[in-house]
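I opened my notebook to record what I looked up in this structure. Each entry covers one topic.

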Amino acid sequence: MMNTVRAYIYRALHSLSTYTCLVMMFMFNFGFVSLYWYVEAFDYNTGSFIPVKYNSTIISDFLDITSTGLYMAVIMVPLTVFLAADNRNGYIKNIACLQSRRYHIVFSRMIFSLIYSLFMFVTGFVILAVSLKCFYNAPFGFDIYSLKVIIMDYLIVYAFVIFVSFIMLAARGTALPLITGLLYSLGIQHIFSSLINYIFGDCFGIRGFDIDCIYLTTYNMDPEYKTLLAGNITAVLYIVISGTLSVILMQKRDIK
């Protein structure tokens with residue numbers, strides 16, 4: 001199984017999708033920071049740059065970015081495209097021949113997704129931190145609570161890519177998981193959950209009913225909305241359930 005993980009890492013180092021993700025991380029972090037700095041610092045009257053006072057911290061800005069669901073989408077799209085390549089040119093059959101058990105394929109993907117998503121998540125933070133230091137000389141503003149939120153945000157990102165990977169395995173294609181992942185990362189499902197909450201809460205009088213508690217984006221977009229413990233539990237449940245269903249599907253389905 002670890003040989004397959006190493007093969008995935010080797011492929012990732014030579015894959016266009018990996019470097020596309022890195023470019024996207026650079027654009028969304030360094031690009032936006034430099035653009036905002038230019039707009040704030042450039043004085044059109046004198047044609048020169050003026051000092052800009054920075055009222056935030058690197059940690060808080062990073063949490064603001066992750067709370068938008070941006071990292072969920074940026075990491076999910078290239079990773080989905082990368083894993084979907086297994087089904088082209090008979091590559092998945094070659095992997096299956098190397099595994100003593102089919103579920104090892106799912107575990108290999110989950111381990112690789114852990115490494116890939118963690119690398120991209122940390123890379124995004126480093127790029128943002130360097131950008132804010134260079135342009136604003138921003139303080140880090142580190143505290144234990146922020147660290148807990150960052151850990152939860154990463155766990156949510158990882159759970160999200162495992163969830164989308166299951167959809168990809170079930171659909172045997174990239175269109176449905178990519179569309180579902182993009183809509184999910186943008187929080188579109190909350191439009192429907194508001195209606196469901198209204199029906200059960202107001203129409204049926206069920207107090208405290210809130211279907212939003214099952215969504216990863218609930219905790220990703222507003223960590224204060226629920227407790228950190230609930231967010232972590234939700235992410236773990238997504239990982240366990242999506243991983244289990246992927247194993248069952250891989251065991252039962254013919255490999256093409």
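My entries follow, from the whole chain down to single residues.

**Entry 1: the chain**

I noted at the start that this is a predicted model. I then looked up the elements of the chain and found 11 helices and two strands. I read their order from the N terminus: α-α-β-β-α-α-α-α-α-α-α-α-α. Two helices come before the two strands in that order, and the other helices follow. I also looked up burial: of the 256 residues of the chain, 45% count as buried.

**Entry 2: the cavity**

Next I searched for enclosed space. Rolling a probe the size of a water molecule over the atoms shows where empty space is left. How many cavities of 30 Å³ or more does the structure hold? I found one. The largest cavity contains about 100 Å³ of space.

I listed the residues around the largest cavity. L83, V106, R109, M110, S113, I162, S165, F166, L169, S246 and M250 line it. I sorted this lining by class and got seven nonpolar, three polar and one charged residues. Which helices supply at least two residues each? I wrote down helix 6 (103–136), helix 7 (144–171) and helix 11 (228–252).

**Entry 3: the pocket**

Then I turned to open space. The largest pocket holds about 310 Å³. It is lined by 17 residues, and F32, V33, Y36, D61 and I65 are the closest to its centre. Helix 2 (16–41), helix 3 (58–67) and helix 6 are the elements that give two or more residues to this lining. Which helix gives the largest share? I found that helix 2 does, with six residues. By class, I recorded 10 nonpolar, three polar and four charged residues in the lining of the largest pocket.

I noticed that helix 6 is in both of my lists: it supplies residues to the lining of the largest cavity and to that of the largest pocket.

**Entry 4: a patch on the surface**

I looked at the surface and found a nonpolar patch. L229, I233, V236, L237, V240, I241, L245 and I248 form it. Together they have about 710 Å² of accessible area.

I picked I248 from the patch for a check. I248 sits in helix 11. Why does I248 count as partly exposed? Its relative accessible area is 46%, and partly exposed means between 20% and 50%.

**Entry 5: two buried methionines**

I looked up M72 in helix 4 (residues 70–84). M72 counts as buried because its relative accessibility is 0%, and the cut-off is under 20%. I then checked M72 against V161, which is 89 residues away in sequence. Their C-alpha atoms are 7.7 Å apart in space.

I did the same for M152, which lies in helix 7. M152 has 1% relative accessibility, so I put it down as buried. M152 and N220 are 68 residues apart along the chain. I noted 8.1 Å between their C-alpha atoms.

**Entry 6: an unusual phi**

Last, I looked at backbone angles. Most residues other than glycine have a negative phi. Which sign does the phi of N137 have, positive or negative? I found a positive phi of about 55 degrees, although N137 is not a glycine. N137 is in the loop between helix 6 and helix 7. Is N137 buried or exposed? I wrote down exposed, because its relative accessibility is 59% and the cut-off is over 50%.

Key: Residues are numbered from 1 along each chain as its sequence is written. This is a predicted model: local features need pLDDT of at least 70, side-chain atom pairs count only at pLDDT 80 or more; totals for chains, interfaces and linings use all residues. Side-chain values use heavy atoms; hydrogens and water are left out. On a 1 Å grid over the protein atoms alone, a cavity is a set of points where a 1.4 Å probe fits but cannot get out, and a pocket is an open set with protein on both sides within 12 Å along at least five of seven lines; lining residues have an atom within 4 Å of a point. Grid points are joined across faces, edges and corners, and a volume is the space filled by probe spheres set on the points. Helices (H or I, at least four residues) and strands (E, at least two) are DSSP runs, numbered from the N terminus. Ala, Val, Leu, Ile, Met, Phe, Trp, Tyr, Cys and Pro count as nonpolar, Asp, Glu, Lys and Arg as charged, and the others, Gly among them, as polar. Patches are made of residues with over 30% relative accessible area and no salt bridge: like charges are joined within 9 Å, nonpolar side chains (Val, Leu, Ile, Met, Phe, Trp, Tyr) within 5 Å. Accessible areas come from the Shrake-Rupley method with a 1.4 Å probe; for residues, only the protein chains shown count as cover. A salt bridge is a side-chain nitrogen of Lys or Arg within 4 Å of a carboxyl oxygen of Asp or Glu. Buried means under 20% relative accessible area, exposed over 50%, partly exposed in between (1.4 Å probe, protein chains only).
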